[in-house]
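Reader: I should like to request a close look at a single part of this protein, set within a description of the whole. Please take the model shown here as the basis.

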Amino acid sequence: MTITYSDKVANVRFCGFSRLLWYWKGSIYKLLYKEMLLFAFMYTILSILYRCILSGKPKRLFENISIYCEAFTDLIPVSFVLGFYVSIVVSRWWSQFNNIPWIDRISAYVSAHVHGADERGRMIRRTLMRYLNLTWVLVFQCISMKIKKRFPTIDHLIEAGLMTEAEKKLMEDTPCPHGKWWYPCSWFGGLLAMAHNEGRVKDTILLNQIMQVC
């Protein structure tokens, strides 16, 4: 799970970013300290072996092996490999960020294209956005520990107003070996088609735009 320190650097202050180096939770130190300790231990053993134990021919053999291994360090451009690795990590992070299902844009489309000033029109728009929020929560239950703790069961979704008892029964009665996050998507499409048939969505172009954003 990602650890964020945005609140620590939200305000300008002396050595604000430098203080982040002393945080242990979510730090690079916590991630690599075991490998670093192992490396330091092995390096210390080899150093003591070379300086205090070996002598004569075994010591020269150790030096020749070290020189032989050093000759291969120039064959691999470490800076190029490191830059390539960093590029891949940043690209994957940016791709994950772009694939986060933000609902701001689709909510604007629903508000603009699903017409109706009466109570039914308001409830249709509200239900459409509830289905989207429900889909969002069901997806993030699988990847976010905070969302899973907030909504551990379907009953918690009902208490939060994201799902009704009838929808819960419909979801439980429909067998599915995989995640059921696509159920609200199906309900969203059906309700949007109903709104189009009632004339609340003026034409199929606007209907297609909403579905593409969704």
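Is Ile-100 buried, partly exposed or exposed, and what is its relative accessible area? Please place the residue in its surroundings, and then treat other positions in the same manner.

Author: The model is a predicted one. Ile-100 has a relative accessible area of 25%, and because buried means under 20% and exposed means over 50%, Ile-100 is classed as partly exposed. Its place is the loop that lies between helix 3 (78-98) and helix 4 (104-113). With respect to the distant part of the chain, Ile-100 and Leu-206 are separated by 106 residues in sequence, and their C-alpha atoms are 23 Å apart in space.

The setting of this loop is a helical one. The protein contains 10 helices and zero strands, and its pattern along the sequence reads α-α-α-α-α-α-α-α-α-α. The radius of gyration is 29 Å, whereas a compact globule of 214 residues would have a value near 17 Å. The C-alpha trace spans about 95 × 50 × 35 Å along the principal axes. Of the 214 residues, 21% are buried. When contacts between residues at least 6 apart in sequence are considered, 46% of them join residues at least 24 apart.

The surface may be described in similar terms. The accessible surface of the protein amounts to about 16,400 Å², and carbon and sulfur atoms account for 65% of that area. As to charge, there are 26 positive and 16 negative side chains, and the centres of these two sets are 8 Å apart.

A second partly exposed position is found in the segment before helix 1 (28-53), where Ile-3 lies. Its relative accessible area is 31%. Apart from neighbours within four places in sequence, Ile-3 is in contact with Lys-25 and Gly-26. The C-alpha atoms of Ile-3 and Gly-26 are 5.5 Å apart, although 23 residues separate the two in sequence.

Buried positions come next, beginning with Arg-130 in helix 5. Arg-130 has a relative accessibility of 17% and therefore counts as buried. Once residues up to four places away in sequence are set aside, Arg-130 touches Gly-161, Leu-162, Met-163, Thr-164 and Glu-167. With Glu-167 there is also a polar contact of 2.9 Å between the two side chains.

Glu-167 itself belongs to helix 8 (residues 165-173), and its relative accessible area of 9% makes it buried. The side chain of Glu-167 takes part in a further polar contact, at 3.0 Å, with the side chain of Tyr-131. It also reaches a backbone atom, the nitrogen of Thr-164, at 3.1 Å. Beyond the four nearest places in sequence on either side, Glu-167 touches Arg-130, Tyr-131, Leu-162 and Trp-187. Leu-162 is thus among the residues touched by Arg-130 and among those touched by Glu-167.

The last position is Gln-141, which lies in the loop between helix 5 (119-140) and helix 6 (145-150). Although placed in a loop, Gln-141 is buried, with a relative accessible area of 16%. Neighbours within four places in sequence aside, its contacts are with Ile-147, Lys-148 and Phe-151. The contact with Phe-151 includes a polar pair: a polar atom of the Gln-141 side chain lies 2.4 Å from the backbone oxygen of Phe-151. Gly-83, by contrast, is 58 residues from Gln-141 along the chain, and the C-alpha atoms of the two are 34 Å apart.

To return to the part requested, Ile-100 is partly exposed at 25% in the loop between helix 3 and helix 4, while Gln-141 is buried at 16% in the loop between helix 5 and helix 6.

Terms used
Residues are numbered from 1 along each chain as its sequence is written. This is a predicted model: local features need pLDDT of at least 70, side-chain atom pairs count only at pLDDT 80 or more; totals for chains, interfaces and linings use all residues. Side-chain values use heavy atoms; hydrogens and water are left out. Helices (H or I, at least four residues) and strands (E, at least two) are DSSP runs, numbered from the N terminus. The radius of gyration is taken over C-alpha atoms; the globule rule is 2.2 Å times the number of residues to the power 0.38. Buried means under 20% relative accessible area, exposed over 50%, partly exposed in between (1.4 Å probe, protein chains only). Contact means heavy atoms within 4.5 Å. Accessible areas come from the Shrake-Rupley method with a 1.4 Å probe; for residues, only the protein chains shown count as cover. Lys and Arg count as positive and Asp and Glu as negative; His and the chain ends are not counted. The place of a charge is taken as NZ of Lys, CZ of Arg, CG of Asp or CD of Glu. A polar contact is a pair of N or O atoms within 3.5 Å; within protein, one must be able to donate a hydrogen and the other to accept it, and residues adjacent in sequence count only if both atoms are side-chain atoms.
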